[in-house]
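Biologist: Please show the chain and its model. I should then like to put some questions about its surface, its helices and a few individual residues.

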Amino acid sequence: MKKLIGALAMAAAAAPALAAHPSDNIDERQYRIEQRIEQGRRSGELTRREHGRLRHELRLIARDERAFRADGYLTRGEWQHLNARLDALSQQVAFEKRDREHRGPYYGGPAYNDYRADRRF
């Protein structure tokens, strides 16, 4: 019985070593933010300029990640730097989607001044 408990304790201690690398979290976050940006573009919540600016910032973060990983690994400081930038970008996406600036009817957004809405039959 003691051997079983000892083996379970050893397995529990080794579990963090088998966990996913923290840098995998960065790739997941980039993917989720990209999906939120594209959803905002499709729904019309983001203007063309907002969409372009947010995509540009996401590309800059990805570029920095590639530069940081060029030596084969991310240091704790590099990981924290990328996470801080992703936090800021995530907040910016949320703000831009809520700011009530929408794309107009000519870009696939909702048509507020549709002439057909004024017709009476």
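Biologist: What area does the chain expose, and what share do carbon and sulfur atoms supply?

Modeller: This is a predicted model, in which local features need pLDDT of at least 70 and side-chain atom pairs count only at pLDDT 80 or more, while totals for chains, interfaces and linings use all residues. Residues are numbered from 1 along each chain as its sequence is written, and side-chain values use heavy atoms, with hydrogens and water left out. Accessible areas come from the Shrake-Rupley method with a 1.4 Å probe, and for residues only the protein chains shown count as cover. The chain exposes about 9100 Å², of which carbon and sulfur atoms supply 55%.

Biologist: Which order of elements does the chain follow from the N terminus on?

Modeller: Helices (H or I, at least four residues) and strands (E, at least two) are DSSP runs, numbered from the N terminus. The chain has four helices and zero strands. The order is therefore α-α-α-α.

Biologist: Are α3 and α4 roughly parallel or antiparallel?

Modeller: Helix α3 (residues 48–68) and helix α4 (residues 76–98) pack at about 170°, with axes 11 Å apart. Axes are lines fitted to C-alpha atoms, for helices over the stretch in contact, and angles run from 0 to 180 degrees between N-to-C directions. Angles under 35 degrees count as roughly parallel, over 145 as roughly antiparallel, 65 to 115 as roughly perpendicular and the rest as oblique. The pair is therefore roughly antiparallel.

Biologist: What span should the 23 residues of α4 have?

Modeller: The expected span of a helix is 1.5 Å times one less than its number of residues. The end C-alpha atoms of α4 are 33 Å apart, which agrees with the expected 33 Å.

Biologist: Does T47 count as buried or exposed?

Modeller: T47 lies in the loop between α2 (22–43) and α3. Buried means under 20% relative accessible area, exposed over 50%, and partly exposed in between (1.4 Å probe, protein chains only). At 17% relative accessibility, T47 therefore counts as buried.

Biologist: Which residues is Q39 in contact with, leaving aside its neighbours within four places in sequence?

Modeller: Q39 is found in helix α2, and at 31% relative accessibility Q39 counts as partly exposed. Q39 and K97 are 58 residues apart in sequence and 9.8 Å apart in space, C-alpha to C-alpha. Contact means heavy atoms within 4.5 Å, and on that criterion Q39 touches E45 and K97.
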